[in-house]
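User: Please take a close look at one part of this model for me. I would like to follow the salt bridges and what they join.

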Amino acid sequence: MILSIGIDTVTISNVERFLRHPEYANEIFTEKEQKLAEEYGDVVDAYASSFAAKQAVKKVLDHFMDVDGLDLRRVEILKNKGIPYVKPDKEIQKVLDEKGVKNIMVTITSEGDNATAFVIAQQ
């Protein structure tokens with residue numbers, strides 16, 4: 001059963017402009033996420049895709065908790081054999097467990113100057 005969904009699209013060229021400021025990546029992405037992005041062929045696309053996924057997860061979480069001012073580093077977008085997955089921190093995971101969320105699925109795509117992510121929280 002689907003408990004919540006979230007979708008987000010970001011403009012890749014906007015993310016590219018933000019990345020010109022070194023502190024941007026550190027404020028949004030964990031060290032693991034930064035390492036994954038740097039290993040990917042198109043670094044800017046990787047960051048934009050992860051940012052879209054984080055924003056989509058935030059929309060999912062909005063159904064379960066107050067996300068105003070949420071530090072996006074509390075939700076990691078990682079990959080296992082090239083497949084993205086969501087890894088929330090322990091506190092967020094506890095809230096999800098209390099709300100009956102058993103699985104969070106994410107899919108990410110990019111085309112042209114846009115990166116889009118779709119997230120589903122399932123029971």
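Analyst: Start with a pair of strands in this predicted model. β2 and β3 run antiparallel to each other, and six bridges pair them. One of these bridges matches Glu 76 with Lys 87 of β3. Two residues sit between the strands of this hairpin. Look at Lys 81 there: its phi is positive, near 55°.

Now the salt bridges. Side chains of opposite charge can pair when their charged atoms come close. How many salt bridges does the structure hold? The count is six. Let us walk through some of them.

Stay by the hairpin strands to begin. Asp 89 and Arg 74 form a salt bridge through their side chains, at 2.5 Å from N to O. Where do the two partners lie? Asp 89 is in the loop between β3 (83-88) and α5 (90-98), while Arg 74 is in the loop between α4 and β2 (75-80), so the bridge ties together parts that are 15 residues apart in sequence. Both ends have some access to the surface. Asp 89 is partly exposed, at 23% relative accessibility. Arg 74 is partly exposed as well, with a relative accessible area of 24%. The story does not stop at two residues. Arg 74, Asp 89 and Glu 91 belong to one network, joined by salt bridges that share partners.

Next, go to strand β1. Here the side chain of Asp 8 meets that of Lys 59 in a salt bridge, at 2.8 Å from N to O. Asp 8 belongs to strand β1 (residues 2-11) and Lys 59 to helix α4 (residues 43-61), so this contact ties together parts that are 51 residues apart in sequence. Is each end buried or exposed? Asp 8 is buried, because its relative accessible area is 13% and the cut-off for buried is under 20%. Lys 59 has a relative accessible area of 38%, so this residue counts as partly exposed.

Last, a bridge inside one helix. Glu 39 and Lys 35 meet through their side chains in a salt bridge, at 4.0 Å from N to O. Both residues lie in helix α3 (residues 31-39). They are four residues apart, about one turn of the helix. Glu 39 is exposed, and Lys 35 is exposed too.

Put these side by side. The Asp 8 and Lys 59 bridge links a strand to a helix. The Asp 89 and Arg 74 bridge links two loops. The Glu 39 and Lys 35 bridge stays within helix α3.

Note on methods:
Residues are numbered from 1 along each chain as its sequence is written. This is a predicted model: local features need pLDDT of at least 70, side-chain atom pairs count only at pLDDT 80 or more; totals for chains, interfaces and linings use all residues. Side-chain values use heavy atoms; hydrogens and water are left out. Buried means under 20% relative accessible area, exposed over 50%, partly exposed in between (1.4 Å probe, protein chains only). Two strands pair if DSSP finds at least two bridges between them.
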